Amino acid sequence: PKVFNRGEVMINRRFVETQFSGFFRMVPLESERDLVLVVKTAKQEFVGKRISRITAGEFYLVTIQSGQEVRISFGEVAQITIQHKDNIGK
């Protein structure tokens with residue numbers, strides 16, 4: 001898995017748009033089909049399959065568990081990981 005920690009990288013709109021561009025697509029490419037984003041904040045961990053919207057201060061992640069979108073502020077993000085969906089929680 002690819003791991004991006006706050007402090008090592010600046011997590012902002014530009015970073016998310018460039019590093020996770022494949023997660024903005026409605027239909028992912030074959031190579032990205034089984035990948036998920038794991039976003040850790042101080043309060044919670046979110047596992048998502050797609051970023052539905054993005055603004056200057058936050059992004060909306062469509063979660064695997066509920067299929068609903070959750071608003072995540074860039075300031076809350078401690079870590080973002082790209083990993084295979086079968087390895088969640090390992």
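Is R53 buried, partly exposed or exposed, and what is its relative accessible area? R53 is partly exposed, with a relative accessible area of 42%. The model discussed here is predicted, and the account below covers its salt bridges and the pairing of its strand β6.

**Salt bridges**

Side chains of opposite charge can pair when their charged atoms come close. In this model the count of salt bridges comes to seven. Among them are the three pairs in the table.

| Acidic residue | Basic residue | Closest N to O distance |
|---|---|---|
| E69 | R53 | 2.5 Å |
| E58 | R71 | 3.0 Å |
| D34 | K85 | 3.5 Å |

R53 meets E69 in a salt bridge with an N to O distance of 2.5 Å. Because E69 belongs to strand β5 (residues 69–73) and R53 to strand β3 (residues 45–54), the pair ties together parts that are 16 residues apart in sequence. E69 is partly exposed, its relative accessible area being 36%.

Strand β5 also takes part in a salt bridge through R71, whose partner is E58 at 3.0 Å. This pair links distant parts of the chain, with E58 in strand β4 (residues 58–63) and R71 in strand β5, 13 residues apart. The two partners fall into separate accessibility classes: E58 is buried at 18% relative accessible area, whereas R71 is partly exposed at 45%. E58 counts as buried because its value of 18% lies under the 20% cut-off.

The salt bridge between D34 and K85 has its closest N and O atoms 3.5 Å apart. Here too distant parts of the chain are linked: D34 sits in the loop between α1 (13–19) and β2 (35–41), K85 lies in the segment after β6 (77–84), and 51 residues separate them. D34 has a relative accessibility of 33% and counts as partly exposed; K85, at 42%, is partly exposed as well.

**Strand β6 and its partners**

How many of the eight residues of β6 are buried? Six of them are, so the strand is largely enclosed by the rest of the structure.

β6 pairs with strand β1 (residues 2–5) in the antiparallel sense over four bridges. Within β6, I82 is the bridge partner of K2. β6 also pairs with β2, again in the antiparallel sense, over seven bridges. In β6, Q79 stands opposite K40.

In a regular strand the side chains alternate between the two faces of the sheet.

Definitions and conventions:
Residues numbered from 1 in each chain as written. Predicted model: local features only at pLDDT ≥ 70, side-chain atom pairs only at ≥ 80, totals over all residues. Heavy atoms only, no water. Salt bridge = Lys/Arg side-chain N within 4 Å of Asp/Glu carboxyl O. Helix = DSSP H or I, 4+ residues; strand = E, 2+ residues; numbered from the N terminus. Buried < 20%, exposed > 50% of the residue type's maximum accessible area, 1.4 Å probe, protein only. Pairing = 2+ DSSP bridges.
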